[in-house]
Amino acid sequence: MPALRIAAIQHDIIWNDRDANFERLTPIIERAVGAGARLVMLTETFAVGFGFDASDFATEPEGGPSSRFLSDQAARHGVWIGGSCPEIRTDAPADDRRPSNSFVLAGPDGTQHRYRKIHPFSFAGEDRFVRPGTELVTVDVDGVRVSMFVCYDLRFADEFWALAHDTDVYLVPANWPAARREHWKTLLRARAIENQAYVVGVNRVGSGGGIDYAGDTLIVDPLGELLATGSGEETIVLADVSTGHVAAVRERFRFLADRR
């Protein structure tokens, strides 16, 4: 059965400075790959921080510098690398140039897969500045079925349910505030338990835009067990996931078939 080593990089973000973040992340990615990771996860808006409402916020076109950084790193190391980027869609109408919060997953062969955050964080006004996505996305990564979400999507179980039968691992990059850290940790485990799948939630640390972030990156198995966790500092969180374990859990506890 296919297996995959995933590295979730829990990192700080230098506010609105792509080049500085690229420089800081490059050696951390190299260490993650050196630890055997085949899929490396960065956080939500990993290159600029979460500041869509700022007048000088560094948006970019699809295929811009942030996604190119992911592809360059993926090609350099021969692995998959993902994180979210504030991108203006190539097909955006002239009267709505708001960026999407796009989770870009770059493959070692140069491919890019995009999931655009379906649920902008209206509590903080993200919905006023970000175009919501409409499509759910699952990608085959070395034989492991990986589904992509972003931060606030975690609160909406129905989207995860819709993909459960065809998913082995959910990936959730985030900028989740420390003030609601218990929600983050509880919801990650809940999504794993109710869908009998792995969940990788990678959150930033440090401060940005007046908000503190606690990290609490988690890799959770299909039974809700914690495989690896991060505290409040920059770190690499590693764990191995297996499609065989997902299949065995679902065979033993046939809960998904009873969902209505």
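In this predicted model, Thr45 touches Ile13, Phe50, Phe52, Ser84, Pro86, Asn101 and Asn175, when residues up to four places away in sequence are not counted. Thr45 is found in the loop between β2 and β3. Its relative accessible area is 0%, so Thr45 counts as buried, the limit being under 20%. One of the residues it touches, Phe50, is also reached in a specific way: the side chain of Thr45 comes to 3.5 Å from the backbone nitrogen of Phe50. A further relation links Thr45 to a remote part of the sequence, since the C-alpha atoms of Thr45 and Ser102 are separated by 8.6 Å while the two residues stand 57 residues apart along the chain.

The loop that holds Thr45 also holds Glu44, and it runs between β2 (39–41) and β3 (60–61). Glu44 has 0% relative accessibility and therefore counts as buried. Two polar partners of its side chain can be named. The side chain of Asn101 forms a polar contact of 2.7 Å with the side chain of Glu44, and the backbone nitrogen of Asn175 lies 2.9 Å from a polar atom of the Glu44 side chain. Both Asn101 and Asn175 appear among the residues that Glu44 touches beyond four places in sequence, together with Ile13, Phe50, Ser84, Lys117, Glu126, Val150, Cys151, Pro173 and Ala174.

Attention now passes to strand β5, which covers residues 100–106 and includes Ser100. Ser100 is buried because its relative accessible area is 0%. Leaving aside neighbours within four places in sequence, Ser100 is in contact with Cys85, Pro86, Glu87, Arg89, Arg116, Val130 and Arg131.

These residues belong to a protein chain whose secondary structure comes to 6 helices and 15 strands. Among its contacts between residues at least 6 apart in sequence, 68% join residues at least 24 apart. Buried residues make up 57% of the 260 residues.

The overall dimensions can be considered next. A compact globule of 260 residues would have a radius of gyration near 18 Å, and the 17 Å of the protein chain therefore agrees with that expectation. Along its principal axes, the C-alpha trace spans about 50 × 40 × 35 Å.

At the surface, the protein chain exposes about 10,600 Å², and carbon and sulfur atoms supply 49% of this area. As for charge, the chain carries 28 positive and 37 negative charges, and the mean positions of the two sets are 3 Å apart.

Note on methods:
Residues numbered from 1 in each chain as written. Predicted model: local features only at pLDDT ≥ 70, side-chain atom pairs only at ≥ 80, totals over all residues. Heavy atoms only, no water. Helix = DSSP H or I, 4+ residues; strand = E, 2+ residues; numbered from the N terminus. Rg over C-alpha atoms; globule rule 2.2 N^0.38 Å. Buried < 20%, exposed > 50% of the residue type's maximum accessible area, 1.4 Å probe, protein only. Contact = heavy atoms within 4.5 Å. Areas by Shrake-Rupley, 256 points an atom, 1.4 Å probe, with all protein chains shown as cover. Lys, Arg positive; Asp, Glu negative; His and termini not counted. Charge placed at Lys NZ, Arg CZ, Asp CG, Glu CD. Polar contact = N/O pair within 3.5 Å; in protein donor to acceptor, adjacent residues only side chain to side chain.
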